[in-house]
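User: I should like to learn how to read the features of a protein model, taking each general idea before its case. Please guide me through this one.

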Amino acid sequence: MDTQFYREVISSGRHLWLKNVKRYTSHGFTVKYKALKKKKVSQCSPLNVKNGNLTCSDDTCQLTCNMGYFSLRSTVLTCVEGNQWAGVFPKCLSVKIVGTTKNQSMGRVEVFVDGQWYAVSYSRGWTIQSANIVCRMLGLPNATAAPEGSIFPSTTRYTLMQVERCTGHETSIFDCSVRLLSNANNYGQGYAAGVICGYVRAKVEVKATSPNKMQPIGEVLLSVNGVRAPLGVNNWDKNAMDVVCRMMGIEGPHDAPPLTMLLEDSENGVWVDHVKCLGNESSLLDCDHPGLRNKNQYSLFGSYEKALVACGQMNLTLQLSRGVNEQDGIIQAYFNGIEGGTDFQTFSSADLLVNGNVACRMLGLPTPAYHIGGIRSGNFPGNWELVLSQVRCQGNEKFLLDCNYTITSASFHSFYFLSVKRQILICSEGRLVML
């Protein structure tokens with residue numbers, strides 16, 4: 001089978017077009033070159049270029065793209081013998097940022113090719129230099145991030161182009177190394193190149209927070225120019241939590257340790273991960289991090305956990321539910337007003353009774369606790385975010401938070417959530433109460 005294409009070489013200061021014929025055999029192939037003579041433009045088939053105009057001389061045509069369009073590959077076509085156009089046929093392409101209605105300087109990068117919009121692939125070639133060129137093409141400030149773009153809305157489900165090896169000095173991204181995929185790939189909502197041009201305004205919010213705004217508890221949502229996403233948990237520590245609380249105007253000390261939960265939507269992932277804070281920064285973006293949604297640096301699939309935060313002082317209240325009377329039932333905990341759980345099933349029976357005495361005292365009920373046991377949580381509907389666990393009291397404390405304890409998130413228990421016991425407490429004066 002023969003394949004033919006044309007290439008331009010320079011010989012003695014002259015530009016020559018050569019016909020390259022590859023003849024494949026069972027032992028390999030041979031290459032033969034034949035010099036091609038230029039012909040008048042009128043002898044070649046008419047050209048029809050969308051979104052551009054051709055200016056022709058004797059044997060060549062020069063392509064000029066319309067306003068807002070940029071050329072891909074060479075802009076010069078030469079008519080050669082055989083009444084054919086030599087070179088790679090050029091295209092005039094357009095680019096846009098598909099973002100939110102409030103901010104058109106941040107979003108997915110899409111290109112207009114042959115009458116249809118396509119996403120640009122998020123590959124290892126998509127860098128801050130690539131993003132800078134897109135911003136410049138659209139008359140916007142320089143890029144501050146080149147994120148993976150699945151977090152933004154999209155007008156297409158198809159990805160057609162990969163952009164690589166941009167230096168940042170090109171007039172358009174089509175001047176970089178561009179590869180048009182042979183077939184548009186249906187990547188759905190993922191793996192699309194994104195860009196943020198200009199200033200980044202970041203703030204944090206807490207989802208499922210407590211009524212007291214100075215004691216928020218819940219999932220950390222990082223808002224970047226109005227677009228919200230969770231915060232990854234790699235390097236999530238007390239320093240990072242201090243910065244998050246400071247961004248909400250809450251200084252320490254903070255009673256709860258750093259917490260995490262499983263990320264339900266692992267495809268869209270998080271805004272930023274692997275953040276390393278000293279603890280004195282005024283914003284998370286002032287900490288050391290690999291970049292907003294820079295999945296080339298850490299993982300194509302992002303984080304599978306999200307960060308939780310509990311700022312300020314932790315207040316714990318208890319209630320008994322589903323009991324025979326007001327002195328017995330299942331212990332229900334509330335952390336700063338947020339419903340949670342307790343898990344005492346770590347130590348001996350004596351430790352459990354001591355813990356139960358303190359719990360009864362918190363509730364203003366008689367002591368000693370007559371019984372503290374457990375039921376399978378599958379028999380009791382509970383979907384709390386925080387769990388008071390590993391509680392160990394001396395017995396004379398007034399509150400459980402005066403004891404040794406650990407606060408964990410429900411996701412730490414999720415792998416055995418249907419088998420872990422929840423506490424039944426009976427505060428009585430020697431009466432046996434059957435639940």
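User: How many helices and strands does the chain have?

Analyst: Helices (H or I, at least four residues) and strands (E, at least two) are DSSP runs, numbered from the N terminus. By that reading, 3 helices and 27 strands are assigned to the chain. The model is predicted, so to speak of local features requires pLDDT of at least 70, side-chain atom pairs count only at pLDDT 80 or more, and totals for chains, interfaces and linings use all residues. Residues are numbered from 1 along each chain as its sequence is written, and side-chain values use heavy atoms, with hydrogens and water left out.

User: What share of the chain is buried, and what area does the chain expose?

Analyst: Buried means under 20% relative accessible area, exposed over 50%, and partly exposed in between (1.4 Å probe, protein chains only). Of the 435 residues in the chain, 49% are buried. Accessible areas come from the Shrake-Rupley method with a 1.4 Å probe; for residues, only the protein chains shown count as cover. The exposed area is about 21,400 Å², of which carbon and sulfur atoms supply 49%.

User: How should contacts along the sequence be read, and what percentage comes from residues 24 or more positions apart?

Analyst: Contact means heavy atoms within 4.5 Å. Among contacts with a separation of 6 or more, 63% are between residues 24 or more positions apart.

User: Which residues of α1 are buried, and against what do they pack?

Analyst: Helix α1 spans residues 128-137 and is mostly covered, with 7 of its 10 residues buried. These are Ser130, Ala131, Asn132, Ile133, Val134, Cys135 and Met137. They pack against five strands' worth of named partners: β6 (70-72), β9 (91-99), β10 (106-113), β12 (143-145) and β15 (194-197). Just after α1, Gly139 adopts a positive phi of about 70°.

User: How is strand pairing read, and which strands pair with β17?

Analyst: Two strands pair if DSSP finds at least two bridges between them. β17 is antiparallel to β16 over 6 bridges, to β20 over 3 bridges, and to β18 over 4 bridges. Individual bridge partners make the register visible: Val206 is matched with Val220 in β17, Glu219 stands opposite Leu308 in β20, and Ser223 stands opposite Arg228 in β18. The hairpin of β17 and β18 has 2 residues between the strands, and Asn225 there takes a positive phi near 50°. As for cover, 8 of the 8 residues of β17 are buried.

User: Which residues touch the most other members of the largest nonpolar core, and where does this core lie?

Analyst: A nonpolar core is a set of buried Ala, Val, Leu, Ile, Met, Phe, Trp, Tyr and Cys residues joined through side-chain atoms within 4.5 Å. The largest such core holds 32 residues, and Trp236, Trp271, Leu284 and Val309 touch the most other members. At least two residues each come from β16 (202-207), β17 (217-224), β18 (227-230), α2 (238-247) and β20, with α2 giving the most, 5 residues. Domain bounds come from an automatic or database domain assignment. Because domain 2 (93-197) and domain 3 (202-310) both contribute residues, this core lies between them. A second, separate core has 30 residues, including Leu259, Ile338, Ala369 and Cys403.

User: What does Trp271 contact beyond its neighbours within four places in sequence?

Analyst: The contacts of Trp271 include Ile151, Phe152, Ile196, Leu222, Val224, Pro230 and Arg293.

User: Is Arg293 buried or exposed, and what does its side chain reach?

Analyst: Arg293 sits in the loop between β19 (259-262) and β20 (305-310). Arg293 is buried, because its relative accessible area is 0%. A polar contact is a pair of N or O atoms within 3.5 Å; within protein, one must be able to donate a hydrogen and the other to accept it, and residues adjacent in sequence count only if both atoms are side-chain atoms. The side chain of Arg293 makes such a contact with the side chain of Glu148 at 2.7 Å, and reaches the backbone oxygen of Val270 at 2.8 Å.

User: Which backbone angles deserve attention in the loops?

Analyst: The peptide bond from Gly252 to Pro253 is cis, with omega near 5°, and Pro253 belongs to the loop between α2 and β19. Asn83, in the loop between β7 (76-80) and β8 (84-86), has a positive phi near 55°. His274, in the loop between β19 and β20, has a positive phi of about 60° although it is not a glycine. With a relative accessible area of 31%, His274 is partly exposed.
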